[in-house]
Amino acid sequence: MCGTVPPLPIAILESRCGDRERFNNRERLNSSSALRFDDDASSLARGGGASSAWKKHKSCGTSSLLPMTPKKPPQWLQVVGHAGSFHVGDYGTLLKRFCEGEQQCYLRLMEDVLRPYVPAYHGVVQRDEQNYNIMDNLLTHFNRPAIMDCKMGSRTYLEGELLVARERPQPRKDMYDKMVAVDPEAPTMQERSQHAVLKTRYMQWRETLSSTTSLGFRIEGFRVDNLLPFPLQKSNEECHTNFKRTKSREQVIEALDNFVDSNTQIVWGYLRRLKQLRQVLEASDFFRTHEVVGSSLLFLHDWTGRTGVWMIDFGKTAVLPAHLTLNHRTPWEDGNREDGYLWGLDNLIDMLADMLPLT
Ligand code: I3P
């Protein structure tokens with residue numbers, strides 16, 4: 001059972017994952033999955049005004065970067081997901097908008113061999129009438145870390161979403177707009193006339209445009225913090241979120257190389273951890289019995305050479321019927337529930353290995 005984090009009031013909730021659906025609908029226009037600043041909080045942590053935080057927000061694009069509490073040194077938390085669905089908790093924790101499915105995953109993961117590879121889960125807290133899952137903030141033990149989010153798997157929508165799209169199609173204008181912003185030629189005649197696309201169509205288009213379909217994972221975004229030389233020594237953060245068209249093996253390797261700043265020690269660190277993770281995934285009861293879709297690997301390293309990788313975001317991870325297990329490598333066919341997670345991890349490991357000098 002998960003522990004609690006005093007003095008926050010902890011409540012075990014009856015709420016369903018529909019919370020997330022309702023929230024998605026409300027926040028849809030603001031949502032995206034890369035790096036984003038929480039304006040008020042970041043300006044507090046940096047001792048700057050709201051305007052400087054706002055400038056960062058604009059330049060950073062898509063993921064959620066939230067600061068620690070203001071009295072602590074200005075260290076950043078990273079969360080990936082929908083804008084506004086995260087808060088900084090006390091004692092090095094992160095609060096994520098409550099989703100029952102995700103809570104169930106974390107509860108099972110705390111009992112699984114995968115436990116060291118996910119943020120520790122601490123229960124549920126209510127704030128301003130909204131419930132949140134409490135988990136460890138993985139950045140706490142790093143010093144101004146570089147952060148990367150890779151969305152794993154060869155598919156980013158659930159089979160259930162496909163079914164709903166067939167039975168009750170609800171074309172979305174916001175997704176049409178996102179699509180034409182990247183490629184004005186992408187929509188079909190019908191989509192053009194409706195100025196809207198189905199979510200599953202948008203997700204499939206994103207998958208084939210990026211490396212999701214061809215390599216089983218994609219880079220969602222990364223942030224690096226290049227310290228300027230003495231006497232400036234100021235933080236010089238750069239957010240990179242323009243990976244929608246990063247598809248080929250060569251393009252992905254180039255992006256990974258930029259992320260690690262061509263540092264082979266860091267590549268070694270990530271490679272070791274990912275190989276361990278792969279072994280543990282292959283032995284995990286949780287992994288065998290869940291369809292893991294839309295989940296990410298969070299990469300962290302800092303100037304001390306410390307590296308770490310954790311599995312995050314289980315909002316779309318679904319338990320399988322009792323008779324079914326997955327190997328996560330078999331190609332997906334409608335109905336087999338395979339997600340391509342391990343196939344993507346194999347490819348990621350191969351690419352990192354290729355970045356090392358031949359010995
Ligand atoms: C979003 C991304 C998210 C998805 C979101 C998409 O597209 O695919 O994974 O959320 O759907 O808009 P993009 O990365 O191009 O911005 P879920 O994984 O939770 O479905 P949403 O707009 O319905 O939240």
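**Figure 1. Strands E6 and E7 form an antiparallel hairpin in this predicted model.** Strand E6 covers residues 121–127, and strand E7 covers residues 130–136. The antiparallel pairing between E6 and E7 runs over five bridges. One pair of bridge partners consists of Val-124 and, in E7, Asn-133. Two residues separate the strands of this hairpin, and Asp-128 in the turn has a positive phi of about 50 degrees. Five of the seven residues of E6 are buried, and the strand is thus described as mostly covered. In a regular strand, the side chains alternate between the two faces of the sheet.

**Figure 2. The hairpin strands belong to an open sheet of four strands.** The order of this sheet is E4-E5-E7-E6, with antiparallel pairing. Strand E4 (86–88) and E6 stand at the edges; each has a single partner strand, so one side of each is left without a neighbour in the sheet. On average, neighbouring strands of this sheet are turned by 30 degrees against each other, direction ignored. E4 pairs with strand E5 (residues 93–97) in the antiparallel sense over three bridges. At this pairing, His-87 stands opposite Leu-95 in E5. Helix H4 (residues 100–109) packs on the sheet and touches E5, E6 and E7. The direction of H4 makes about 150 degrees with that of E6.

**Figure 3. An open sheet of five strands has antiparallel pairing.** The strands follow the order E10-E9-E8-E12-E13. At the edges stand strand E10 (237–240) and strand E13 (307–312); each has a single partner strand, so one side of each is left without a neighbour in the sheet. Neighbouring strands of this sheet are turned by 15 degrees against each other on average, direction ignored. Helix H10 (residues 249–260) lies across three strands: E8 (146–152), E9 (217–225) and E12. H10 runs at about 25 degrees to E9.

**Figure 4. Strands E12 and E13 form a hairpin with five residues between the strands.** Strand E12 (residues 296–301) pairs with E13 in the antiparallel sense over six bridges. Two of the bridge partners in E13 can be followed here. Gly-308 is the partner of Leu-300, and Ile-312 is the partner of Ser-296. Within this hairpin, Gly-305 takes a positive phi near 95 degrees. E13 is mostly covered, with five of its six residues buried.

**Figure 5. The second largest pocket holds about 400 Å³ of space.** Rolling a probe the size of a water molecule over the atoms shows where empty space is left. The pocket is lined by 20 residues, and the closest to its centre are Ala-146, Asp-225, Asn-226, Asp-261 and His-301. E9, E10 and H10 each supply at least two residues of the lining. The largest share, three residues, comes from H10. By residue type, the lining divides into eight nonpolar, seven polar and five charged residues.

**Figure 6. Helix H8 (residues 199–209) has buried residues that are covered by other elements.** The buried residues of H8 are Thr-200, Tyr-202, Met-203, Trp-205, Arg-206, Glu-207 and Leu-209. An α-helix has 3.6 residues a turn, so residues three or four places apart point the same way. The cover over the buried residues of H8 includes helix H5 (159–167), helix H6 (173–182), H9 and E9.

**Figure 7. Thr-213 lies in helix H9 (residues 212–215).** The relative accessibility of Thr-213 is 37%, and this residue therefore counts as partly exposed. Leaving aside neighbours within four places in sequence, Thr-213 is in contact with Ser-154, Glu-207, Thr-208 and Trp-343. Among these, Ser-154 is 59 residues from Thr-213 in sequence, while the two are 5.0 Å apart in space, C-alpha to C-alpha. Glu-207, another of the contacts of Thr-213, is one of the buried residues of H8.

**Figure 8. The protein as a whole contains 13 helices and 14 strands.** Of its 359 residues, 53% count as buried. Among the contacts in the protein with a separation of 6 or more, 70% are between residues 24 or more positions apart.

Conventions
Residues numbered from 1 in each chain as written. Predicted model: local features only at pLDDT ≥ 70, side-chain atom pairs only at ≥ 80, totals over all residues. Heavy atoms only, no water. Pairing = 2+ DSSP bridges. Axes fitted to C-alpha atoms, helices over the stretch in contact; angles between N-to-C directions. Contact = heavy atoms within 4.5 Å. 1 Å grid on protein atoms, 1.4 Å probe; cavity = no way out; pocket = protein on both sides within 12 Å on 5 of 7 lines; lining within 4 Å. Points joined across faces, edges and corners; volume = space filled by probe spheres on them. Nonpolar A, V, L, I, M, F, W, Y, C, P; charged D, E, K, R; others polar. Buried < 20%, exposed > 50% of the residue type's maximum accessible area, 1.4 Å probe, protein only.
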